[in-house]
Amino acid sequence: PVLYDRRGQVIWYDHAQNGLAPWISFGTGTGAAVNVVNDVVYHGGFAIELTAPSDGGSSIGIERFFNTPEINKLGVCAAVCFLSEFDAFEITITYYALTFRRAMNLLISQTAHTLSIFDDVLGYVVIAGLPSLVLAGGRYDVFKLVGDFATGQYDRLMYNEKAYDLS
């Protein structure tokens with residue numbers, strides 16, 4: 001599950017080998033769908049396919065919940081294959097505690113061709129420009145986002161083998 005960055009400890013990974021059972025899917029709009037497919041896969045025999053709705057302002061997504069014993073650095077690494085045009089793709093890690101909630105967001109914009117993170121004061125901050133990510137034949141790009149939820153600071157952002165300074 002780790003290709004470019006081996007820091008940290010992997011506590012869970014999914015190659016869709018158990019279908020959608022570990023995931024909660026959500027979405028609104030015409031044609032929105034979440035399915036397990038066995039074509040254009042990254043590793044293993046399956047992938048989770050999200051079909052965006054055709055209505056403007058609608059969305060589709062999946063989420064997974066974990067319990068952590070303490071506030072610490074948490075991250076997500078996702079291999080994503082964009083087979084058709086899209087507006088935006090977002091990866092969010094949210095930590096809920098008794099007295100607060102912290103979220104770290106990565107926004108991949110195909111419209112603006114940018115990679116951005118969310119700042120509570122500044123809103124979305126562009127970190128880098130991106131090429132077009134759409135390749136109908138299938139090419140997976142790997143995105144990794146790590147945040148220190150004790151301090152509320154972003155720790156690491158990677159796009160394939162490229163690491164970005166988030167200081």
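**Rings, sheets and a nonpolar core**

Q: How many aromatic pairs does this structure have, and how do I read one?
A: The count comes to nine aromatic pairs. The rule takes rings of Phe, Tyr and Trp (its six-membered ring) whose centres lie within 6.5 Å, and calls planes under 30 degrees apart stacked, over 60 edge-to-face and the rest tilted. Before we go on, this is a predicted model, where local features need pLDDT of at least 70, side-chain atom pairs count only at pLDDT 80 or more, and totals for chains, interfaces and linings use all residues. Residues are numbered from 1 along each chain as its sequence is written, and side-chain values use heavy atoms, with hydrogens and water left out.

Q: Can you show me one of those pairs?
A: Sure. A pair of aromatic rings is described by the distance of the centres and the angle of the planes. For Y95 and F149, the ring centres are 6.1 Å apart and the planes sit at 40°, so this pair is tilted. Y95 belongs to strand β6 (residues 88-96) and F149 to the loop between β10 and β11, so the pair ties together parts that are 54 residues apart in sequence. (Strands are DSSP runs of E with at least two residues, numbered from the N terminus.)

Q: Are Y95 and F149 buried or exposed?
A: Buried means under 20% relative accessible area, exposed over 50%, and partly exposed in between (1.4 Å probe, protein chains only). Y95 is at 10% relative accessibility, so it counts as buried. F149 is at 0%, so it counts as buried too.

Q: Which residues form an aromatic cluster, and where does R64 come in?
A: W12, W23 and F66 form one aromatic cluster. The charged end of R64 sits over the ring of W12, 4.5 Å from its centre, and it also sits over the ring of F66, again 4.5 Å from the centre. "Over a ring" here means that NZ of Lys or CZ of Arg is within 6 Å of the ring centre and within 35 degrees of the ring normal.

Q: How do I read a sheet?
A: Start with which strands pair: two strands do if DSSP finds at least two bridges between them. One open sheet here has four antiparallel strands in the order β5-β10-β11-β12. Its edge strands are β5 and β12 (162-164), each pairing on one side only. Neighbouring strands are turned by 15° against each other on average, direction ignored (axes are lines fitted to C-alpha atoms, for helices over the stretch in contact, and angles run from 0 to 180 degrees between N-to-C directions).

Q: What does β10 pair with in that sheet?
A: Strand β10 (residues 140-148) has eight of its nine residues buried. With β5 (residues 73-81), β10 pairs in the antiparallel sense over nine bridges. Along that pairing, A78 has F143 as its bridge partner, and G75 stands opposite V146. With β11 (residues 153-159), β10 pairs over six bridges, also antiparallel, and there G147 stands opposite Y154. The β10-β11 hairpin has four residues between the strands, and in it G152 takes a positive phi near 80°.

Q: What order do the strands of the other four-stranded sheet have?
A: That open sheet runs β6-β7-β8-β9, with antiparallel pairing. Its edge strands are β6 and β9 (123-129), and the twist averages 20° from one strand to the next. Inside it, β7 and β8 pair over four bridges, with T114 in β8 as the bridge partner of S109.

Q: How do I find the nonpolar core?
A: In soluble globular proteins, nonpolar side chains tend to be buried together. A core is a set of buried Ala, Val, Leu, Ile, Met, Phe, Trp, Tyr and Cys residues joined through side-chain atoms within 4.5 Å. The largest one has 24 residues, of which L106, I108, L115, L133, F143 and L157 touch the most other members. β5, β6, β7 (101-109), β8 (114-119), β10 and β11 each supply at least two residues of this core.

Q: Which residues have a surprising phi?
A: Most residues other than glycine have a negative phi. V40 has a positive phi of about 50°; V40 is in the loop between β2 and β3. N160, in the loop between β11 and β12, has a positive phi near 50°. V40 is partly exposed at 33% relative accessible area, while N160 counts as buried at 14%.
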